[in-house]
Number of protein chains: 2
Amino acid sequence: MAEEFSVVGKRLPRLDGLAKATGQAAFTGDLNLPRILQGKILRSPLAHARILNIDTTRARALPGVKAVVTGKDTLGRRYNVLRFKESFADEYLLAMDKVRFIGDAVAAVAAVDEETAQDALDLVKVDYEVLPAVFDPEEALKPGAPRIHDHSENNVSRRINLEFGDVDGLMASAYHVREDTFVTQSQSHVPMEGHACVASFEPNSRLTVWTSTQIPYLIKKDLALVLGLEDSQVRVILPYVGGGFGGKSDGLANLDFCASLLSIKSGRPVRILYGREEEFIGTRRRHPIRIWMKTGIDREGRIVARDVRCIMDGGGYNSYGPASVLLVGIFLNLPYRYQSYRYRGTRAYTNKPPSAAMRGHGAPQGHFASDIQLDIIAKETGIDPIDIRLRNALEAGETTLAGFKILSSNFAACIHEVAQKSEWHERKGKLGANRGLGIGCSGFPAGTGFRQRPDIPTYSSAVVRINDDGSVAVLSSAADTGQGSDTLLLQIAAEELGANPEDVKFIRADTDLTPADLGNYASRETVFAGNAVKAAAAEVKKQVLPVAAEELEANPADLVAFGGFIYVRGTPERRVTFLKAAKKAIEVNKGRPVVGEAAYDPPDKMNYATYTFGAQVAEVEVDPETGHVTVIKLIGAHDGGTAINPMAVEGQLEGSMHMALGFAMSEDLVWEDGAALNPSLASYFIPGPFEMPRTELIRVDSWDPEGPFGAKEAGEGTVGPTAPAIANAIFDAAGIRMKSLPITAEKVLKALGEKGAGKA
Amino acid sequence: MAEEFSVVGKRLPRLDGLAKATGQAAFTGDLNLPRILQGKILRSPLAHARILNIDTTRARALPGVKAVVTGKDTLGRRYNVLRFKESFADEYLLAMDKVRFIGDAVAAVAAVDEETAQDALDLVKVDYEVLPAVFDPEEALKPGAPRIHDHSENNVSRRINLEFGDVDGLMASAYHVREDTFVTQSQSHVPMEGHACVASFEPNSRLTVWTSTQIPYLIKKDLALVLGLEDSQVRVILPYVGGGFGGKSDGLANLDFCASLLSIKSGRPVRILYGREEEFIGTRRRHPIRIWMKTGIDREGRIVARDVRCIMDGGGYNSYGPASVLLVGIFLNLPYRYQSYRYRGTRAYTNKPPSAAMRGHGAPQGHFASDIQLDIIAKETGIDPIDIRLRNALEAGETTLAGFKILSSNFAACIHEVAQKSEWHERKGKLGANRGLGIGCSGFPAGTGFRQRPDIPTYSSAVVRINDDGSVAVLSSAADTGQGSDTLLLQIAAEELGANPEDVKFIRADTDLTPADLGNYASRETVFAGNAVKAAAAEVKKQVLPVAAEELEANPADLVAFGGFIYVRGTPERRVTFLKAAKKAIEVNKGRPVVGEAAYDPPDKMNYATYTFGAQVAEVEVDPETGHVTVIKLIGAHDGGTAINPMAVEGQLEGSMHMALGFAMSEDLVWEDGAALNPSLASYFIPGPFEMPRTELIRVDSWDPEGPFGAKEAGEGTVGPTAPAIANAIFDAAGIRMKSLPITAEKVLKALGEKGAGKA
C-alpha cells in the first residue's frame, strides 16, 4: 500500500528545533512593541461569592496605571468555546456578578511596568458576599447543594447517555462479569511556556493579537465575538509556542480578552504573561473522574457488554467540558470491540477551576479503567492479558458501535510487538518478587468533522505558493505548539511537489495571511491540515508540470515529481530540478504568481477522519517497605498510520509516555476548600529525568486511505496506555490493584497493607 | 472616458495615517528581538586612501563586543544596484583595498549596547596610505587627475551620447538660438526616518531582515548575492518607513550588509540605525550637475533643436549614477516637443559620497535648465512664457524623439490652469517693484519596464485572497515608504471587487509572503503594482460573481460589483453584499480558499508605461537690500491621470513643492576637501513651516489607458517645475537670471549688484 517517498518518512529535523535549542526563537513574551504596557489580572480569593462592588478608584489614580477594567467595562457577553448549544456559554471572561472558583478573573490593569501593575491590583477593592461553596462533584449533584449557576438546578453541566445494543441482556447472559470503580485526579497541562498574550488595538480600530495558543483562528473569531468587533477587525498571529497539551485549545483565556480590552481602553499595546501559579489556578486542568465500569465477556474472552457511569468534576464553568463528558463515553468504544455498550456521564459544576481538554481528552481516564478491568477479567478467567486484548482488538474494516469507521488498524500488530519486545510470554510472572509486567492499550481518533459552532467551518484550508526564486511557501493556520506540525506539513508539501524540503517554507498562522484552520486539537492537524496542504500542493504541481514538460519535451502526464526533480517516467535522467521548473512556471506566466489552494473536510462530518491504535508494556519494581514504585521500562508500539516524520512520531510517543507517567504516578493538583495546595513546580510533581524509565519506541505504521500519504496521528492516543500498563504491572509485581490515580507510594503501601491483612 | 467609481477617486484617509500620527506605528528602529545587538559602522576619515592594515584586536577584546567585521570577512564581491553591465559593480559594501570618500564604510561592530559599539569603533586601528584626491568633476576628468578606480582611466563613471534628428542643421537654420550654463547642487534626501536595519540570521541558516527601504524585493536578491546565500535563504520584511525620496532605492546600503554579516558572525540579531550625520555623509545625494544647454526655435516659438551637455559629480561610486546620466538626457525630452535633440552626459567619479537617485532622478536638474532657458528665449523673442510652453507642449498620441509614447496628456490644460489661477495675463509684470510671477513645467514617466539586471524580472505581481469572513487580503511587495501606495492599492482592489475598502486589508511587503514587486522607484507602484492588484482582484471577482448570481438567481454576466454590493445590472435592488457573496464563495468551495493572482509588465519593455505632466506658477518678492527672496505662493497643476485618491495626489503635489523649494532656495550640502561642512539639520536648511508659501493645488486628471483605472503618477514629476518657476519669477521681479542652485540671498545680492553694475 505504501508508496516510495523522498521526503515523507524521513527523519527531518524540526523546523523550529535549532531556534528553540539556541534560544533565538521568539515567544509571545519576547515581543516588544513601542509603548507596550504590562497587564495583570486580579483573581478571586474566594471559591464562591457574589460581587457587590468593585472600587477601582485608587488603582486608576496610581501613577503609571493606564487602564483598569472590570466586568462593567465589557459587553457582558457570556462565553464558551463550544457553541453548538447556546446554553453552554456560562462564563464571563471578567466576572460580572459572581465568582465561582478561587482564581476567577475579576479585574485587570495595564501599567507601565509589572511592579506598577501589581501595585494597582492591590489597590482594587472588591466587596464580596461569600456564598456557600461545593467542591466534590457528587456532593454538588445532591439536592440542596449550593447552586453555582442560575441555569443549572442540580449543578449539572451536562449529562450524556449513550446506549448501543442490548447491554442488560448480554450482561445477564455473559460468561463472566466484573464491576469496578476507578478514580482519576486533577492533572495540569504545565506547558514550558505559560499562557502569554500581546494585544495591540491600533488607531484604525483593528486589533492585532499575538498569543500562545493552539487555535489562532478561533481566537480571532472569539475575540471579535466578545469584544463586539467584526471578524475582519481582529488579526491573530501565532509566535513560537512552548507547549499546549490541550490547555491552550479551549477558546479565549482570560488574558486574551483582558489584554485586548486593556489595549482598546489605553490605546497602547498590552502584554500579559501568566506566572507559574496563575498557570496552575487560572487555566484549565484534566477532568478528575469517578468511573464505575461493568464488563461482561463470553467464553472466548470477547466483550459482550460494557456498562459505564462517570461523574466528572467540572469546576466552575463549562469550558470544553460538555464535549469532555461525551468524549469519555465515545472514546471508550475504542480500542476494543463491544457487542453492546452503555455510557452514562455526568459533568458536575464545582467551585474549582474548570476542567477541560487535556491531551487525550477523556481517553486516558477511560482507558485507565478499561485496561485495568480487562486485566482483572483476564486474571479471573485465566486468559493471558495479551490474548484477551488480541481477541477484542478492532481491525480495519470494522465499524464500532458508536459508528467509528476503522479504515486502518495495526492494533493487533502493536500488541504483538510489545509482547515480543518485552519477552512477555517468557518473562511475565517470572521476574521474581516485586517485579512485574503489565500491558495497556489505546485507540484514538484523529481530526473531528463535528461542527462545534454554527458560525465556523470544520475544514482545514491551505494555500501553497511558488516564490519567483522557485522556492515554495506553504500558508496554513495550523498551529504548531511544539507537536511538530509545521515540519510535517512542510514535508507533505515537499513530497507532493517533488521539491527539496529546504526549498519549502512553512508560514505560521497569521489570520490575515494564512487561510482558515481550526488549529491544533483533537489530533487534527496532520490529517486535516495535511490533506489541505497536500491538495493545495497538487494544484501547484498541476501548473508546474506542463512547464517542465516543455523543458523536457515530454507529455505532462508522463512526468514524475520526486526528490527535488521532475523527470520523465521510465527515463529518470531526463529531468529538471523542481526549483528550476517552478521558477520557470512564473516566468512563462509573465510573473503571474503560481498559487494552489485547497481545503479538507472529512467525509463523515459527525465522526472522525482516522483512528490510531497502540499498546504499551510497563515493567515495574515495587518497594514493599516504602510503597515506592520504580517504572523500569516502557515499551510502546503505535500505529499512527504512515509516519510523515518517524523522529516526530517517536518524539511524540516518548513525550506522551512522560506525560502519562506523571498522570500515573505523581501529578496531582490537590485541593482544600477550593484552594490548590500545590500550584508550584516545587510541589506539583512532574517526572524528572531520573524518574523517566528506559523507553523502547516501536512504530507499526499502517496506511490509512483518509490520511495524507497514509498518515494518522501520534502523541495524543499514545498518552492512554501508560497508566493502565503500570497499574497492571504493579499487580503482576505485588498482587495489588491500583484503581486510583496517581499511584503514590502512600496508596501502594496502604494497598499492600490491606492485601497483607486480607491474606492474614 | 472616466467611469463611475465607488472607491477610486475618494479621499480615503491613509491606512497608516492614524498609526503614524499617534506614534503607534512601529518603524525598523522600534523592533526588538531577544538578544539583539547594536551595530555601528566605522567610516573613513579620508577622502582617498589605500588601506594598508586594519587591526581589530583591541575592538574584539572589549567586553560586550560580539563581532567585528572588515572587508576581509566578506566574500569581496563588488556590488552595484544596476547590473545590466557587469562593470557597473564598483563598490565594496565594506572597503577591501581603498576608501574613496569621507564616509566610506571600513569596518563594523556589533555589541551589547550602543556605547560599547561606539567604544569598539574607536579601538579599530586602520593604517591608511593617503592618496591625492579630486573633488571637482571637471578636474577629475582632466588628464593626470588622481585616479579613483582602476577600471576607469579618466574617472569617467559613464558617458551617454544621444542624438535624434539633425541638431546641427536645424540649430543653424533656427530663427533664434540661445545658449546657457546652469549649475545644481548636492541635495540630500533627509527622510524623517534615517536608514535603519535589523538583521537576524537564524540557526536554520535563514536570514530575516527588516529594513527601511523602498525596494524590499531587491534587498532580498542583493543580500543573497553579496552574502553568497540562496535567494530563498533571505527574507526581507518592510516595517513602516519614514520616507525614502530615492535615497532608499539604490540597492543595499552599508547597514543592510553589515547588520546581516554581523548577525551571521555573532549568531544574534543586530540592529543598525544611522544617526543624522551618518545619514548625510554615509548615504547618497542628488547629483550636482553642470548643464550647458543650447536651444533653437523657429518663428512660431517651436523648439527645432536642443543641444545639451552635462557634467555630473558622481562621487566615489556608481550607485544609480550610470542610470542617472542617461535619465537626465532622456527626461529632457519631456515635457516639450523637439524637432531634434542631442545629449552628451558625463558622470565623473570624485572623492565625495556617491550621487544617485533622488525624487525626479535627473529631471529636476534638467527641467531647471530647460524652463529657465525657455523663459529667456520667450523674453528675447517677445513671446509670452505661457504661449511658448503651450506651443511646445506634448499632446496625447505623440511619440517623443526618445520614443516615449504619450497615451494621455493634459499638459496644455495644466498650463492654462496655472495661468488662470495666477491671473497670469492680468498680473504678470504688473505686480510692482521686486514682485514677480514665473512659470515652470514638467513631464515625467511612471514605471519603467527596463530590465536593470539580467537576474530579476521587471514586472509587479500581486495576490488577492478572500478570507473566510469575506474580507479581502491584498498581498504585494510594493513598498509604501510614505508616498501612500498601500492605500491606493487597497482602493484599486476594492474598486475592482466592488468591496468596501474597510473590508480590504493590504499586506505589506514580506518577501516570504508577498509576491515579487521591484518596489518603489521610478514612480512605478501605482501603475505597475496597481495594474497587478487590479488584475488579481478581477480573478477573484470571477470566482465570486457566479456565487452571487446563484444567490440573486441571475446570470453572472449581468452582475455589477460596486460600492460594497453585487447587483443585477438595471435592477440595483436585486443585490447581495460583496462580503456575503465572498464568504459564500468559500462555503460553496467547501473551504477552498478563493485566490486571484496576476502580474503586470508594460507593453514596451525599453520604455515607460505612462507619462505625467504639470505646470507651476511661483509668485515671489525679492528684497533688494538683503537679496532675500520670499516665495509668496506656489500654484501647481498636475496631470497624474485618474487620481485614485485625490487627497494623496494633492499631498504629493504639496510635499514635492516643499522639497523642490528646498532644492531651489536653501538645501546644499557644502563640501571642503571632500568633507561635508554642514551634515546637520542645524546647518543644512530644509524649508520650515514659515518658509513654506501658500499653495494652490490643481488636479487636471486625464485617463491613461495603460494605468489602473486611468491612473499615472504624482509626487515625482511634480518636483520639477518649482525651481524654474521661482527663478523665472525672480527675473520677473528683479530682472536677474538665477542659473545656479540654491538661489541664496548671497547669490541674488551678487546678481543684483552685477545687474546694477551692468546697467550703470
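Let's start in the middle of things: the largest nonpolar core holds 494 residues, and Ile730(A) and Ile730(B) touch the most other members of it. Keep in mind that you're looking at a predicted model. Who are the neighbours of Ile730(A)? Leaving out residues up to four places away in sequence, Ile730(A) touches Gly436(A), Val620(A), Val622(A), Val629(A), Ile736(A), Met738(A) and Ile743(A).

Now zoom out a little to helix 18 of chain A. This helix is mostly covered, with 13 of its 13 residues buried. From first C-alpha to last, helix 18 of chain A reaches 18 Å, close to the 18 Å expected for its 13 residues at 1.5 Å a residue. Right after the helix comes Gly735(A), which has a positive phi, near 75°.

Step back along the chain and you reach the loop between strand 30 (694-699) and helix 18 (722-734) of chain A, where Ser702(A) sits. Is Ser702(A) buried or exposed? Ser702(A) has 26 C-beta neighbours inside 10 Å, so it counts as buried; the cut-off for that is 20 or more. Ser702(A) touches Ser408(A), Ser409(A), Asn410(A), Asp639(A) and Gly641(A), again not counting residues up to four places away in sequence. His638(A) is a nice case of the chain folding back: it is 64 residues from Ser702(A) in sequence, yet the two C-alpha atoms are 9.6 Å apart in space.

Next, the bigger divisions. Chain A splits into domain 1 (17-24 + 459-600), domain 2 (31-131 + 195-241 + 248-281) and domain 3 (285-450 + 606-759). The C-alpha centres of domain 2 of chain A and domain 3 of chain A lie 36 Å apart. Where these two meet, 19 residues of domain 2 of chain A are in contact with 22 residues of domain 3 of chain A. The domain 2 side of that contact has eight nonpolar, four polar and seven charged residues.

So much for one chain; how do the two chains sit together? Turn chain A by 180°, with 0.0 Å of shift along the axis, and it superposes on chain B with an RMSD of 0.0 Å. The two copies are therefore related as by a two-fold rotation axis. In chain A, the C-alpha nearest that axis belongs to Asn32(A), 2.9 Å from it.

The contact between the chains takes 43 residues from chain A and 43 residues from chain B. On the chain A side, the elements giving two or more residues are helix 1 (17-22), strand 19 (460-466), strand 21 (504-507) and strand 25 (594-600). Strand 25 of chain A gives the most, with four residues. By class, the chain A side divides into 19 nonpolar, eleven polar and 13 charged residues. The copies meet through the same surface, because 100% of the interface residues of chain A are also interface residues in chain B.

Finally, a few backbone details to look up. In chain B, the peptide bond from Leu334(B) to Pro335(B) is cis, with omega near -5°, and Pro335(B) lies in the loop between helix 9 (321-331) and strand 16 (341-349). Another cis bond runs from Leu741(B) to Pro742(B), with omega near -10°; Pro742(B) is in the loop between helix 18 (722-734) and helix 19 (745-759) of chain B. Then there's Asn434(A), a residue other than glycine with a positive phi, near 70°. Asn434(A) counts as partly exposed because it has 17 C-beta neighbours inside 10 Å.

Methods:
Residues numbered from 1 in each chain as written. Chains lettered and ligands numbered in written order. Predicted model: local features only at pLDDT ≥ 70, side-chain atom pairs only at ≥ 80, totals over all residues. Least-squares fit on C-alpha atoms with pLDDT ≥ 70 in both. Contact = placed C-beta atoms within 7 Å. Core = buried A, V, L, I, M, F, W, Y, C linked by C-beta atoms within 7 Å. Buried ≥ 20, exposed ≤ 12 C-beta atoms within 10 Å, placed from the backbone. Nonpolar A, V, L, I, M, F, W, Y, C, P; charged D, E, K, R; others polar. Domains from an automatic or database assignment. Expected span 1.5 Å × (residues − 1).
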